Amino acid sequence: MSQPAALTNRRFKSTDRAVLAERAVVSVLASCALATVLITAGIILMLVTQSWHFFESEYVSPGEFFSGTQWTALQAKEIEDARFGIWPLLSGTLRVTVIAMLIALPLGLVTAIYLSEFASKRVRSILKPTLEIIAGIPTVVLGYFAILVISPGLQFFSGGAFDTFNATSAGIAVGILCLPMVCSLSEDALQAVPRSLREGAYGLGCTPFETAVKVVVPAALSGIISAFLLAFSRAIGETMVVALAAGTRATATLDPRDQSQTMTGFIVEMIKSENEFGTVQYYSLYGVAMTLFVITFGMTVVGQIVRRRYRESYQ
Amino acid sequence: MSIPIALERDDSVAEAAKARRRKQLSGWFYLLCVAIAMLSVVVLVVLLVSISVQGSSSLSGDLLTNSHSELQPEQAGMWSAILGTLFICGVCALAALPLGIGTAVFLEEFKPQRPELRWLRRVIPLGERNWEHICTLLYKGTRWMHGFVQLNISNLAGVPSIVYGLLGLSLFVYMFNAFGQITVNESAGWEWGGVQHYYQVLSLERGQVVLIPQGERTETTLTVDEPMMALLPSGEEVELALWTPGTPKPKSKELRQRTVRAGAKGGRYSRKDWYYFRLPFGRSFLAAGLTLALVILPVVIIASQEALRSVPPSMREASLGLGATTWQTTRNVCLPAAIPGIMTGAILSMGRAIGEAAPILVILGAAIAKNSGPKHLMDDAVTMPVLIYNWAGRQQEVYQELAAAAIIVLLVTLLLINSLAIYLRHRLSQN
């Protein structure tokens with residue numbers, strides 16, 4: 001009786017050496033996995049130690065940081081005049097993010113419904129690559145697009161009511177950026193809803209609209225919500241678009257036509273400025289970064305909880 | 001008993017009207033869907049057309065071969081930025097891909113099983129029941145660790161890239177100040193070869209200098225008041241001659257080259273070879289590449305995990321059934337089957353790395369005036385997105401056009417990379 005070629009050519013059998021090699025490999029691979037944990041630890045350590053320098057400075061009080069409505073870290077000539085209140089930056093970030101979400105969430109969800117429920121194969125073959133290309137466009141390109149097209153367009157249609165740099169044009173660009181992400185994640189969630197549910201709805205006499213909106217979307221709601229939260233945290237952390245298009249003046253208004261410096265925008269502005277390592281302005285960077293990290297991290301965690309706890313599973 | 005005929009007729013009319021309304025609503029919704037879905041195509045077309053129109057006039061050979069220029073913006077180019085992007089993404093790929101694929105393999109293929117502790121069991125007698133207990137605890141512990149790492153990776157994927165930039169600044173650029181406090185304009189830290197420190201002193205020959213090896217590293221200047229050994233720029237070692245002002249200058253060119261004025265001062269000058277290495281890394285392309293590696297690491301891990309997950313379990317079981325160890329199974333069966341997916345994920349994440357500007361801006365700063373690619377490991381660099389950011393933020397029309405032209409180059413690069421990914425996926429999945 002002859003053995004199969006695969007068995008004679010290769011030694012598949014577990015030998016002592018193979019077991020030892022396996023242990024070595026496992027420890028190497030485990031250290032790779034450990035590296036990812038160390039990165040998180042490094043981020044937290046870095047943010048805490050560096051922003052500690054900021055908060056212990058005599059020109060900064062934590063109470064003012066969390067409630068103050070003036071942020072003049074870079075505008076003030078003397079350190080005594082500088083005001084460190086996070087609200088202008090936070091409100092700037094929120095303005096841009098809300099505008100982005102107003103664009104990305106409805107459009108992304110409707111596109112996802114269309115792709116998952118109605119689209120023919122030919123339309124899909126156009127739409128899917130388009131979304132992939134938009135998802136692959138570097139953010140700095142979208143920032144440039146905001147300056148080149150969106151902002152002049154807004155000024156044209158509103159008769160010059162918008163600033164050259166404004167929250168709306170940055171928000172629209174960030175919305176375009178988030179749209180493919182919302183769309184593909186929501187589509188995944190919609191695709192996971194079993195056919196039998198749709199067939200049941202049609203069998204009861206529902207129109208396609210009712211099937212999609214009253215049956216399929218609620219069934220996929222946990223996935224859709226976690227997609228929304230991911231897009232939200234992505235929009236908050238988005239940097240290059242707002243650094244280019246949102247302006248550099250930290251304002252605490254609700255007016256979307258005004259300039260609005262975001263948290264990430266401030267970090268970039270600070271990096272570009274001449275402030276040297278070790279000054280209070282320099283460390284304010286880390287205070288802002290810490291706020292940013294806490295918000296985005298919180299959004300991600302909430303998204304995961306939503307997905308896990310409220311997931312409906314079908315056989 | 002039956003419903004009166006009038007009521008029944010009204011009812012059916014009302015039902016029909018309701019059904020019509022519902023159908024109409026559905027139709028409108030369908031149209032809305034089509035319109036909104038096509039909106040993304042429109043946006044993409046507007047974006048590409050407007051950038052091509054704006055940038056077409058600056059798209060020339062100069063753009064690809066020259067570097068940034070403040071004085072002659074018409075001839076500014078992006079050659080140094082292309083080189084810088086290439087170097088940084090190379091470092092990034094070398095760091096992120098092995099680490100990311102390794103982590104993915106660990107998480108997918110080496111799921112925790114009941115730990116084998118037979119060896120320990122023989123050495124430490126604790127009793128069968130106690131060992132059973134310890135094994136259960138260990139199993140639970142490792143399973144928890146696995147879940148924790150998995151959770152951690154999905155969280156890392158949501159961290160803004162600029163926060164990674166700040167991490168890279170602390171970790172790679174300053175190494176948490178482990179090598180002494182960083183001071184500006186001072187190369188602090190440990191240097192490991194590939195560099196010679198000199199003082200540079202003007203010689204009597206016009207435009208020529210001599211290099212005097214630096215003894216004490218803390219001395220920033222040197223005053224020449226006695227003859228000493230020095231190097232000519234050609235590398236020739238010579239004895240310095242001194243010339244006292246007031247006396248006639250030496251006539252021969254060879255002598256003038258190695259003669260300096262008595263009391264001449266020299267500044268520091270370092271000659272660095274390509275393998276020059278120091279800790280901390282400072283604002284170098286190495287630090288930027290490693291930081292980018294952190295940014296794309298979660299993306300690589302998640303893509304590789306999906307690729308490994310799509311390998312059918314039957315293949316794995318067949319290999320294990322033949323008596324192969326888990327690692328042999330992974331190496332010979334799972335990895336080859338998952339390679340198309342892993343490659344695609346890797347290339348797509350590199351595309352993301354090429355377009356990433358924020359972390360590089362934090363690591364290398366916003367300066368773009370550099371004429372060449374990195375000369376040594378600790379050299380700084382300019383990348384395409386940073387160059388675009390800088391040009392796009394300027395008021396002058398000419399830089400705006402340059403930015404658009406640079407964007408075209410960047411997008412074409414990305415397009416080429418993505419088509420490579422599609423081609424590889426197609427090619428490898430057929431075999």
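Me: Angles of 65 to 115 degrees count as roughly perpendicular, under 35 as roughly parallel, over 145 as roughly antiparallel and the rest as oblique. Which helices are roughly perpendicular to each other here?

Reply: H2(A) and H3(B) are, and therefore that label fits them. This is a predicted model, where local features need pLDDT of at least 70, side-chain atom pairs count only at 80 or more, and totals for chains, interfaces and linings use all residues. Residues are numbered from 1 along each chain, chains are lettered from A and ligands numbered from 1 as written, and side-chain values use heavy atoms, without hydrogens and water.

Me: Thanks! At what angle do H2(A) and H3(B) pack?

Reply: Helix H2 of chain A (residues 16-55) meets H3(B) at about 110°, and their axes are 8 Å apart. Axes are lines fitted to C-alpha atoms, for helices over the stretch in contact, with angles from 0 to 180 degrees between N-to-C directions. Helices are DSSP runs (H or I, at least four residues; strands are E, at least two), numbered from the N terminus.

Me: Which residues make the contact?

Reply: On the H2(A) side they include A:Val26, A:Leu29, A:Cys32 and A:Thr36, while H3(B) brings, among them, B:Leu99, B:Gly102 and B:Phe106. Contact means heavy atoms within 4.5 Å. The residues of this contact divide into nine nonpolar, three polar and no charged. Nonpolar covers Ala, Val, Leu, Ile, Met, Phe, Trp, Tyr, Cys and Pro, charged covers Asp, Glu, Lys and Arg, and the others, Gly among them, are polar.

Me: And how far apart are the axes of H3(B) and H12 of chain B?

Reply: Helix H3 (residues 79-109) and helix H12 (residues 384-392), both of chain B, have axes 8 Å apart, with an angle of about 140°. That makes H3(B) oblique to H12(B). B:Ala81, B:Ile82 and B:Thr85 of H3(B) meet B:Met384, B:Pro385 and B:Leu387 of H12(B). Five residues of that contact are nonpolar, one is polar and none is charged.

Me: You mentioned A:Cys32. How many disulfides are there over all chains?

Reply: Zero, over all chains, with a disulfide being a pair of cysteine sulfur atoms within 2.5 Å.

Me: Why no bond for A:Cys32?

Reply: The closest cysteine sulfur, in B:Cys92, is 15 Å from the sulfur of A:Cys32, which is too far for a bond. A:Cys183 is in a similar spot: its closest cysteine sulfur, in B:Cys33, is 11 Å away, also too far.

Me: Is A:Cys32 buried or exposed?

Reply: A:Cys32 counts as buried at 10% relative accessibility, and A:Cys183 is buried at 1%. Buried means under 20% relative accessible area, exposed over 50% and partly exposed in between (1.4 Å probe, protein chains only).

Me: New topic! Where is B:Leu169, and what does B:Leu169 touch?

Reply: B:Leu169 sits in helix H6 of chain B (residues 161-173), and counts as buried at 1% relative accessibility. Leaving out residues up to four places away in sequence, B:Leu169 touches A:Tyr282, A:Tyr286, B:Tyr174, B:Arg283, B:Val362 and B:Ile363. B:Leu169 and B:Thr291 are 122 residues apart in sequence, but 8.3 Å apart in space, C-alpha to C-alpha.

Me: What about B:Leu348: where is its place?

Reply: B:Leu348 belongs to helix H10 of chain B (residues 326-355) and is partly exposed, with a relative accessible area of 46%. Its C-alpha atom is separated by 7.9 Å from that of B:Ile417, 69 residues apart along the chain.

Me: Last one: how many residues of helix H12 of chain A are buried?

Reply: Eight of its ten residues (the helix runs over residues 263-272), so H12 of chain A is mostly covered. Among the buried ones are A:Met263, A:Phe266 and A:Ile271.
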